[in-house]
Amino acid sequence: MRSEPVVQLEGLTKRYGDKTAVDGLDLTAAPGITAVLGPNGAGKTTTVELCEGYRAADAGTVRVLGLDPRRQARELRPRLGVMLQSGGVYSGARAEEMLRHMAGLHAHPLDVPALIARLGLESCGRTSYRRLSGGQQQRLALAMAVVGRPELVFLDEPTAGLDPQARHATWDLVRELRGDGVSVILTTHHMDEAEELADDVAIIDAGRVIAQGSPEELCRGGAENTLRFTGRPGLDVASLLKALPADAEAAETTPGGYRVTGKVDPQLLATVTSWCAQHGVLPDRISVERHSLEDVFLELTGKELRG
């Protein structure tokens with residue numbers, strides 16, 4: 001199992017005329033699944049293209065599997081899988097022949113018929129790429145990216161346009177890749193996808209990484225300030241407040257609905273449940289409010305995440 005970073009970017013800069021798309025970006029991706037999130041124009045697509053070797057940086061360093069993707073492309077490319085939003089497929093090629101061609105370029109490819117079945121492409125094997133539906137084109141591009149058993153695969157919006165069944169099949173395949181030791185750099189505009197799949201999330205805005213960590217680490221702040229429980233209306237909130245730490249607050253926000261704010265930790269939870277027991281209160285529900293990844297993203301960028 002690889003222990004060193006699969007991607008390491010330092011001071012990465014890319015300009016297009018007078019526009020700076022990537023502005024001194026630093027990013028380290030460990031083995032596993034790293035999701036890269038960012039609003040439109042944040043620089044995430046350019047960052048990924050620099051990692052793939054399709055663009056040259058104006059400044060900074062790029063290392064992918066320890067190699068420079070421009071100067072050492074011949075050595076690196078057999079170890080990579082790349083899924084492009086545009087598909088990267090000759091429009092007249094038939095789906096299955098294109099996939100078999102890709103498999104033939106690698107020493108130990110995945111079983112092509114099994115991969116076709118896994119991604120629901122059995123009915124379109126002899127259909128030309130241009131005649132496939134958008135979802136079929138997306139699934140074929142994914143199959144082409146992973147068929148060679150790469151060490152690292154870049155997936156750009158892998159479930160865009162897919163129905164729920166195909167989307168979950170794609171998630172299962174990505175998890176299996178990780179289980180087989182394949183690392184994944186994933187760009188997505190689906191927050192639930194990042195939360196579901198990623199070991200690590202990097203949020204990019206204005207060409208820089210503004211936050212990075214596991215989904216749990218990024219969302220943890222929302223678990224530290226609000227606890228809610230429901231019981232009978234009219235409980236003695238003043239008594240509850242006396243039992244709580246000095247910096248905590250308590251209120252009945254709706255009849256029978258109570259909110260405790262402050263540093264919500266195991267001790268505070270125990271204090272609330274103990275108070276309920278002493279006062280003969282059997283809460284119908286106790287919950288700790290947690291920020292979602294979308295909440296964190298909006299707080300950091302002030303923008304919605306859109307494809």
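These legends accompany a set of views of a predicted model.

**Figure 1. The whole protein, with 11 helices and 13 strands.** Let us start with the full chain before moving in. The C-alpha trace spans about 75 × 45 × 35 Å along its principal axes. Of the 307 residues in the protein, 47% are buried. Sequence-distant contacts are well represented: taking contacts between residues at least 6 apart in sequence, 67% join residues at least 24 apart. The exposed surface comes to about 15,100 Å², and carbon and sulfur atoms supply 47% of that area.

**Figure 2. Helix H10 and its buried face.** Helix H10 covers residues 266-278. Its 13 residues should span 18 Å at 1.5 Å a residue, and the end C-alpha atoms are indeed 18 Å apart, so expectation and model agree. Which residues of H10 are buried? They are Leu268, Thr271, Val272, Trp275 and Cys276. Viewed down the axis of H10, these buried residues fall within an arc of 130 degrees, and therefore they line one face of the helix. The general rule behind such a pattern is a friendly one to keep in mind: an α-helix has 3.6 residues a turn, so residues three or four places apart point the same way. On the other side of H10, the exposed residues are Pro266, Gln267, Ala277 and Gln278.

**Figure 3. What covers helix H10, and what follows it.** The cover over the buried residues of H10 includes strand S10 (226-230), helix H9 (237-243) and strand S12 (257-261). Just after H10 comes Gly280, where the backbone takes a positive phi of about 65 degrees.

**Figure 4. A stacked aromatic pair, Phe229 and Tyr258.** The structure holds 1 aromatic pair, and here it is. The rings of Phe229 and Tyr258 are stacked, with 5.1 Å from centre to centre and 15 degrees between the planes. Phe229 belongs to strand S10 and Tyr258 to strand S12, so the pair ties together parts that are 29 residues apart in sequence. Are these two rings' residues buried or exposed? Phe229 counts as buried at 1% relative accessibility, and Tyr258 is buried as well, with a relative accessible area of 2%. Both strands will be familiar from the previous figure, as S10 and S12 are among the elements covering the buried residues of H10.

**Figure 5. A salt bridge between two loops, Glu151 and Arg79.** A search of the whole structure finds 13 salt bridges, and the next views pick out a few. In the one between Glu151 and Arg79, the closest N and O atoms are 2.7 Å apart. Glu151 sits in the loop between helix H5 (134-146) and strand S6 (152-156), while Arg79 sits in the loop between helix H2 (73-76) and strand S5 (80-83), so the pair ties together parts that are 72 residues apart in sequence. Glu151 is partly exposed, at a relative accessible area of 35%. Arg79 is also partly exposed, at 21%.

**Figure 6. A salt bridge between two helices, Glu193 and Arg167.** The closest N and O atoms of Glu193 and Arg167 are 3.8 Å apart. Glu193 lies in helix H7 (residues 191-197) and Arg167 in helix H6 (residues 164-179), so this salt bridge ties together parts that are 26 residues apart in sequence. Glu193 counts as buried at 1% relative accessibility, and Arg167 counts as buried at 14%.

**Figure 7. A salt bridge between a loop and strand S10, Glu289 and Arg228.** Here the closest N and O atoms, from Glu289 and Arg228, are 2.3 Å apart. Glu289 lies in the loop between strand S13 (285-288) and helix H11 (293-301) and Arg228 in strand S10, so the pair ties together parts that are 61 residues apart in sequence. Glu289 is partly exposed, with a relative accessible area of 34%, and Arg228 counts as partly exposed at 26%. Elsewhere, Arg63, Asp68 and Arg71 are joined into one network by salt bridges that share partners.

**Figure 8. Thr13 and its contacts.** Our last stop is Thr13, in strand S1 (residues 7-16). Thr13 is buried, with a relative accessible area of 8%. Which residues does Thr13 touch, not counting residues up to four places away in sequence? The contacts are Val22, Asp23, Gly24, Ala57, Asp58 and Ala59.

Note on methods. Residues numbered from 1 in each chain as written. Predicted model: local features only at pLDDT ≥ 70, side-chain atom pairs only at ≥ 80, totals over all residues. Heavy atoms only, no water. Helix = DSSP H or I, 4+ residues; strand = E, 2+ residues; numbered from the N terminus. Expected span 1.5 Å × (residues − 1). Buried < 20%, exposed > 50% of the residue type's maximum accessible area, 1.4 Å probe, protein only. Arc of directions from axis to C-beta. Contact = heavy atoms within 4.5 Å. Phe/Tyr/Trp six-rings, centres within 6.5 Å; stacked < 30°, edge-to-face > 60°. Areas by Shrake-Rupley, 256 points an atom, 1.4 Å probe, with all protein chains shown as cover. Salt bridge = Lys/Arg side-chain N within 4 Å of Asp/Glu carboxyl O.
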